[in-house]
Amino acid sequence: MPRTSAVSLIRSRSLSDVAEYAYAATAPAGSRLIFLAGSCPLDEHGNTVAVGNFAGQATRAVANLRTALADAGASIEDVISTRVLVASARQQDLVSAWEVVRDAFGEHDVPSTLMGVTVLGYDDQLVEIEAVAAVLDERQPEGPASPPSAS
């Protein structure tokens, strides 16, 4: 089914340009929203990859995010916001994971929140990425409904 991205990124001239993402995003009425579970750094067998490596886990989480998006009929360019969770209290660890996510999104710099958390759900897990996407599905127009027959 062909689709068109519904996401419009908003960059504020009134706020600092230090942030490496748009400050807001919109999707028009009629767009289909896709709410993705947190993308984890798990391989096809459910094992945590890149143990102890924030950037390595972020790389796998992004790859898994891309797969989930594709299965839902979307792509990374359809993401409207993200939340990046990093199991660390050290800012440098958060930045290490963030740089991978930022680079994966490239010019499509969606509004994002980067958070240090105490622990994540899988053994040895350090990174998780939540996302929301929006798409406009192009559907074949259906003909007018037939009126009920009079009996």
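**Note on the predicted model: salt bridges, a buried loop residue and confidence**

1. Four salt bridges turn up when the whole structure is searched. The structure is a predicted model, and the pairs described below should be read as features of that prediction. As general background, side chains of opposite charge can pair when their charged atoms come close.

2. Glu-44 and Arg-60 form one of these pairs, with an N to O distance of 3.5 Å between their side chains. The two residues belong to distant parts of the chain, 16 residues apart: Glu-44 sits in the loop between strand 4 (32–39) and helix 1, and Arg-60 sits in helix 1 itself. Glu-44 is exposed, at a relative accessible area of 64%, whereas Arg-60 is partly exposed, at 24%.

3. A second pair joins the side chains of Arg-83 and Glu-130, at 2.8 Å from N to O. Arg-83 is in strand 5 and Glu-130 in strand 7 (residues 127–137), so this salt bridge ties together parts of the chain that are 47 residues apart in sequence. Both partners are classed as partly exposed: Arg-83 has a relative accessibility of 36%, and Glu-130 has a relative accessible area of 26%.

4. Arg-102 and Asp-103 also form a salt bridge, their closest N and O atoms lying 3.0 Å apart. Arg-102 is partly exposed, with 25% relative accessible area. Asp-103 counts as exposed, because its relative accessibility of 52% is over 50%.

5. Which loop holds Ala-87? Ala-87 is placed between strand 5 (79–86) and helix 2 (91–105). The residue is buried because its relative accessible area of 16% falls under 20%. Leaving aside residues up to four places away in sequence, Ala-87 touches Phe-54, Val-117, Thr-118, Val-119, Leu-120, Gln-125 and Leu-126. For one of these contacts, Gln-125, the C-alpha atom is separated from that of Ala-87 by 7.6 Å, although the two residues are 38 apart along the chain.

6. As to the overall layout, the protein has two helices and seven strands. Read from the N terminus, the order of elements is β-β-β-β-α-β-α-β-β. Of the contacts between residues at least 6 apart in sequence, 76% join residues at least 24 apart. The pairing of Arg-83 with Glu-130, 47 residues apart, is an example of a link across the sequence.

7. Buried residues account for 36% of the 151 residues. The accessible surface of the protein is about 9,000 Å², and carbon and sulfur atoms contribute 51% of that area.

8. The mean pLDDT of the protein is 87, and 87% of the residues score at least 70. Among the elements, helix 1 (residues 54–71) has the highest confidence, at 98, and strand 1 (residues 3–5) the lowest, at a mean of 57. Helix 1 is also the element that holds Arg-60, the partner of Glu-44.

9. Residues 139–149 call for caution. Over this stretch pLDDT stays under 50, and the model has one contact for it beyond four places in sequence. Where pLDDT is low, the predicted coordinates should not be read in detail.

Notes. Residues numbered from 1 in each chain as written. Predicted model: local features only at pLDDT ≥ 70, side-chain atom pairs only at ≥ 80, totals over all residues. Heavy atoms only, no water. Helix = DSSP H or I, 4+ residues; strand = E, 2+ residues; numbered from the N terminus. Buried < 20%, exposed > 50% of the residue type's maximum accessible area, 1.4 Å probe, protein only. Contact = heavy atoms within 4.5 Å. Areas by Shrake-Rupley, 256 points an atom, 1.4 Å probe, with all protein chains shown as cover. pLDDT = per-residue confidence, 0-100.
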